[in-house]
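Me: I would like to take a close look at one part of this model and then see what surrounds it in the rest of the chain. Please go slowly and explain each term when it comes up.

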Amino acid sequence: AAAAQTTITVCSSGCDYTSVNTAVENAERGDTIVLTAGQTFTETVYLTYKGAGTDYITIQSSALASLPTAGNRVTPSDVANMPTIRSAVASEAAIRAEPAANPPSYYRFIGIQILRHNSTTFQQSPVYLGDFGAGQD
């Protein structure tokens, strides 16, 4: 039998979690994580292995209905309807998948703005998938 699908909310207070990464840690395949539109979550979100299967963990905006429909691009005017995940440290990505030894599960991001750290020093890419060398294999 398929696991029950859960909606998990993330906001600054009064929700299930205040951290996107904590919500991801506690999510299971098939769950939807809803981030409050207009809020910035300054952290690194680690995409981890959630066991065998093909159900996605969806991370989406709370204002998804106000964004363009699937297959249509967002524009700068849509940012108000999008939450932001921003890297907390210049040397770390905002979204990071575990290396091939622990492949991440299926994750889907919908209506989320992802930004690098706002430092002027060297910065990691905003999204880091995979690993270097043999770990990538």
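Where is Arg 29 found?

Reply: The model is a predicted one, in which local features need pLDDT of at least 70 and side-chain atom pairs count only at pLDDT 80 or more, while totals for chains, interfaces and linings use all residues. Residues are numbered from 1 along each chain as its sequence is written, and side-chain values use heavy atoms, with hydrogens and water left out.

Arg 29 is found in the loop between α1 (20-26) and β2 (32-35). These names follow from DSSP runs, numbered from the N terminus: a helix is a run of H or I of at least four residues, and a strand is a run of E of at least two. Arg 29 is buried yet has no salt bridge, and the nearest side chain of opposite charge, that of Asp 55, is 6.8 Å away. Here buried means under 20% relative accessible area, exposed means over 50%, and partly exposed lies in between, with a 1.4 Å probe and protein chains only. For charge, Lys and Arg count as positive and Asp and Glu as negative, whereas His and the chain ends are not counted. A salt bridge needs a side-chain nitrogen of Lys or Arg within 4 Å of a carboxyl oxygen of Asp or Glu.

The side chain of Arg 29 does have polar contacts with the backbone: it reaches the backbone oxygen of Ala 52 at 3.4 Å, and one of its polar atoms lies 3.1 Å from the backbone oxygen of Gly 53. A polar contact is a pair of N or O atoms within 3.5 Å; within protein, one must be able to donate a hydrogen and the other to accept it, and residues adjacent in sequence count only if both atoms are side-chain atoms.

For contrast, consider a charged pair elsewhere. The structure holds one salt bridge, formed by Glu 92 with Arg 96, whose closest N and O atoms are 3.3 Å apart. Arg 96 counts as partly exposed, at 23% relative accessibility. In general, side chains of opposite charge can pair when their charged atoms come close.

Now we can step back to the strands. The protein chain has one helix and ten strands, and along the sequence it follows the pattern β-α-β-β-β-β-β-β-β-β-β. Strands of a sheet pair through backbone hydrogen bonds, either parallel or antiparallel; two strands are said to pair here if DSSP finds at least two bridges between them.

The strand that follows the loop of Arg 29, β2, runs parallel to β1, to which four bridges join it, and the partner of Thr 7 in β2 is Thr 32. Strand β1 (residues 7-10) has a covered face, made of Ile 8 and Val 10, and an uncovered one, made of Thr 7 and Thr 9. β2 also pairs with β5 in the parallel sense over four bridges, with Val 34 opposite Gln 60 in β5. Strand β5 (residues 57-61) is mostly covered, as five of its five residues are buried. β5 in turn pairs with strand β8 (residues 107-110), again parallel and over four bridges, and there Gln 60 stands opposite Ile 110.

Further strands make up open sheets. One has three strands in the order β3-β6-β9, with parallel pairing; its edge strands are β3 (40-42) and β9 (113-115), each pairing on one side only. Another has the order β4-β7-β10, also of three strands with parallel pairing. Its edges are β4 (45-47) and β10 (127-128), each with a single partner strand, so one side of each is left without a neighbour in the sheet.

Finally, a disulfide, meaning a pair of cysteine sulfur atoms within 2.5 Å, joins Cys 11 to Cys 15, with an S to S distance of 1.9 Å. The torsion about this S-S bond is about 110°, so the disulfide is right-handed. Cys 11 is buried, with a relative accessible area of 7%, whereas Cys 15 is partly exposed at 30%.
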